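Here's a quick briefing to read with the model open. Take a look at the fold first, then come back for the details.

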Amino acid sequence: MKGRFLLIVICVIFIFSCHDGQNKEVFSPKNNLSVEFGLTKNGQPFYIIWKDFETVIDTSYLGFDFENATSFLDNFEIVNSSTKNFNETWQMPWGEQLDVVNNYNELRVELQEKSDLKRKLNIVFKVYNDGVGFRYEFPKQDNFSEAFITEENTQFNLTEDYKTFWIPGDWDIYEHLYSTTKLSEIDASVKRNHPSLGQTYIPENAVNTPVTLVGKNGIHLSFHEAALLDYAGMTLKVDTDKLSFKSNLVGSRNTTYKVKRTLPFHTPWRTIQITENAPDLIQSNLIVNLNEPNKLGDVSWFTPMKYTGVWWEMHLDKSSWDYGMEMVDGVWTDTGKAHGKHGATTENVKRFIDFSAKNNIGGVLVEGWNTGWERWIGFENREGVFDFVTPYPDYNLDEVTAYAKEKGVQIIMHHETSAATETYEKQQDTAYALMQKYGMHAVKSGYVGKILPKGEYHHGQYMVNQYNNAAIKAAKYQVAVNAHEPIKATGLRRTYPNIISREGLRGQEFNAWSSDGGNPPEHLSIVAFTRMLAGPIDYTPGIFNIKFDEFKKENQVNTTLAHQLALYVVLYSPVQMAADLVEHYEANPKPLQFIKDVGVDWSETKVLNGEVGEFVTIARKERTTENWFLGSITDEISREIEVDFSFLDENTTYEAKIYKDGKAAHWDKNPLEIEFETIEITKNSKLKFYLAEGGGLAISMKKN
Ligand code: NOJ
Ligand code: CA
């Protein structure tokens with residue numbers, strides 16, 4: 001059943017077998033997309049999505065399995081339905097843009113079982129011009145007060161064997177390399193269970209979201225979810241024969257159900273972004289729009305910033321997080337005495353503060369400042385170990401914070417919880433209060449290791465609540481959160497703007513130590529069209545010493561230097577790290593100039609070109625200065641791109657500082673060859689640029 005015309009003809013002929021004649025339909029504001037909802041003759045709910053005259057999602061069934069209760073499967077009738085149009089423009093306190101248009105048509109269908117219990121379920125569809133979101137509402141009702149969901153059965157039946165960009169449906173971590181295969185060739189089993197990275201449990205051939213699909217005629221789809229609150233994360237089980245996905249919720253080894261909720265409640269939105277080209281996926285605001293408006297009110301206590309920090313040096317093994325671990329008779333032992341390699345010393349942090357202050361960088365992250373690192377990775381019993389208020393003896397919190405204040409730099413707090421959730425929960429109030437006392441407004445948190453209590457997974461309902469509750473509590477102390485090893489981003493930053501950024505992908509750190517060659521040159525050309533659709537990314541770009549042979553001969557960054565600069569514009573985050581060591585920046589003042597100049601908060605974003613997994617070019621306009629910045633990256637293939645600067649302001653000339661790959665640049669053979677050029681440009685300019693293998697381009701455009 002491909003075309004809509006065909007469906008109508010078939011339904012006219014077999015009207016009773018297709019549906020009960022009560023099908024409901026809703027179109028997007030531009031009429032390019034539509035959703036049809038209906039019940040089979042057995043009363044089973046289904047939906048279909050159309051784009052123009054083509055079926056994008058073919059008849060797909062909806063339902064739930066419960067513990068100790070009959071499934072929501074069939075035997076429903078429609079008792080009520082309504083449609084409405086919605087159109088608003090809201091403003092992001094910081095973001096990729098200032099104004100966000102939220103325009104959709106909604107269909108709400110109220111279902112009731114025909115059986116004795118007459119249980120109720122509502123399904124709400126919001127149809128945008130660039131996709132569809134739908135969710136289930138479990139209204140308050142007499143015969144159903146508590147739901148123990150063992151599985152959600154939401155189908156997405158596709159009509160084509162799409163080229164698919166996916167990571168495995170791991171229940172603990174998203175830090176996987178992307179695979180590019182046909183939908184019919186997805187095999188998540190070969191990419192799973194890498195215990196040293198915390199990758200654990202995937203019961204099915206499933207993928208994580210966002211998962212992005214490219215069709216033969218140019219259609220682009222991305223599946224994800226929005227507003228994930230008090231529910232389990234959703235992976236998508238793949239049926240390679242039927243070319244379909246089905247929801248597969250993350251579970252727990254401690255319960256036989258996956259989600260427990262008291263009625264009334266609703267699920268997160270299931271989202272499908274549907275566009276005609278790759279750049280429009282990045283421009284889409286569907287996921288943030290499906291979240292509730294800001295509940296925190298004035299959040300001006302947080303300012304977007306670039307930051308440096310005591311971080312890369314630990315990943316390079318130049319220094320350590322811990323203070324007193326030493327190898328004694330072949331065993332790592334906490335000697336309680338300084339071994340002299342500790343990174344977070346007062347003196348070292350002051351060096352970063354000086355460097356940030358000199359280079360228009362607002363913050364300094366300090367990892368390894370607090371006690372507990374002696375019993376971090378590899379320890380079973382990690383509860384009660386980390387302490388979020390007690391510094392190591394060589395780190396003077398008073399002195400460092402006073403010095404930072406004097407220099408106009410913010411210290412970014414670090415809380416590595418080691419996934420020991422009870423310890424962190426207990427200490428949150430005191431830890432955030434300490435931050436407030438010192439005027440610190442941002443914390444990077446970490447959840448490395450298996451979740452404690454045992455049996456829980458990073459992406460299950462228990463942890464979804466841990467992450468969200470930590471952020472909500474932090475807001476009370478005017479603290480913004482950037483979680484690593486997080487739950488995926490689902491646009492909650494609209495409701496809780498203090499959820500500023502997160503990891504949730506293979507970050508730059510993999511280039512420092514992974515034994516599989518690090519992140520390949522194509523990595524971020526995929527990430528921009530997959531993970532980045534979910535929300536801001538703390539990737540920690542800006543490594544200048546690409547090969548770092550003096551630290552690690554076996555590892556390197558697999559991009560050119562110009563590519564590292566471009567990431568400040570390509571990747572969005574209101575906290576953007578300049579991750580390399582101070583000495584590597586000081587030795588390279590010319591490329592450092594770009595990091596010094598580049599913005600972190602934008603009034604407009606234009607995705608100028610791109611193909612998933614190949615290349616992408618993004619221009620962003622800085623809110624405060626109205627200067628524009630451009631970043632372009634390519635995969636392992638060199639290419640020429642043409643940039644049309646018509647996005648620039650009228651009647652304005654800009655001084656453009658261009659940072660581009662040299663003619664012989666190459667991510668592996670010659671990553672440091674970079675050329676600098678300064679020219680004048682206007683909105684009439686059109687220029688061609690060469691991107692080397694694994695290369696990039698960065699341009700700052702300052703108003704004259
Ligand atoms: C993993 C994080 O991704 C990394 O950025 C951090 O340095 C370590 N955990 C230590 O917390
Ligand atoms: Ca990590």
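What follows covers a calcium site, one helix and an annotated C-terminal domain.

Keep in mind that this is a predicted model. The calcium ion (ligand 2) gets its donors from Glu175, Glu485, Glu503 and Glu509, while helix α8 covers residues 421–437 and bends at Gln428.

**Calcium site**
- Glu175, Glu485, Glu503 and Glu509 coordinate the calcium ion (ligand 2) through OE atoms at 2.4 to 2.6 Å, with Glu503 listed twice.
- Along the chain, those donors are spaced as E-x309-E-x17-E-x5-E.
- That brings distant stretches together: Glu175 sits in the loop between β11 (163–166) and β12 (179–182), and Glu485, 310 residues away, is in the loop between β27 (480–483) and β28 (499–502).
- Both Glu175 and Glu485 are buried.
- The geometry counts as irregular because the six donor atoms subtend angles of 50 to 147 degrees at the calcium ion (ligand 2).
- For reference, six octahedral donors would ideally give 90 or 180 degrees.

**Helix α8**
- With 17 residues at 1.5 Å each, α8 should span 24 Å, and its end C-alpha atoms are indeed 24 Å apart.
- There's still a bend of about 55 degrees at Gln428, which is itself one of the buried residues of α8.
- Other buried residues of α8 include Tyr424, Ala431, Leu434 and Met435.
- Among the elements covering the buried residues are α7 (397–406), β25 (410–416), β26 (442–446) and α9 (461–476).
- After α8 comes Gly439, with a positive phi near 70 degrees.

**C-terminal domain**
- An unreviewed UniProt entry lists residues 601–702 as "domain: Glycosyl-hydrolase 97 C-terminal oligomerisation".
- In the model, residues 601–702 are 59% strand and 0% helix, with end C-alpha atoms 15 Å apart.

Technical notes. Residues are numbered from 1 along each chain as its sequence is written. Chains are lettered from A and ligands numbered from 1 in the order in which they are written. This is a predicted model: local features need pLDDT of at least 70, side-chain atom pairs count only at pLDDT 80 or more; totals for chains, interfaces and linings use all residues. Side-chain values use heavy atoms; hydrogens and water are left out. UniProt positions are given in the numbering used here, feature names are shortened, and annotations may be inferred rather than shown by experiment. Helices (H or I, at least four residues) and strands (E, at least two) are DSSP runs, numbered from the N terminus. The expected span of a helix is 1.5 Å times one less than its number of residues. The bend at a residue is the angle between axes fitted to the seven residues ending there and the seven starting there. Buried means under 20% relative accessible area, exposed over 50%, partly exposed in between (1.4 Å probe, protein chains only). Contact means heavy atoms within 4.5 Å. Donors are N, O and S atoms within 2.8 Å of the metal (3.2 Å for Na, K and Ca); water is not among the atoms, so sites may look incomplete. Four donors count as tetrahedral if all angles lie between 85 and 135 degrees; four count as square planar and six as octahedral if opposite donors are over 155 degrees apart and all others between 65 and 115; anything else is irregular.
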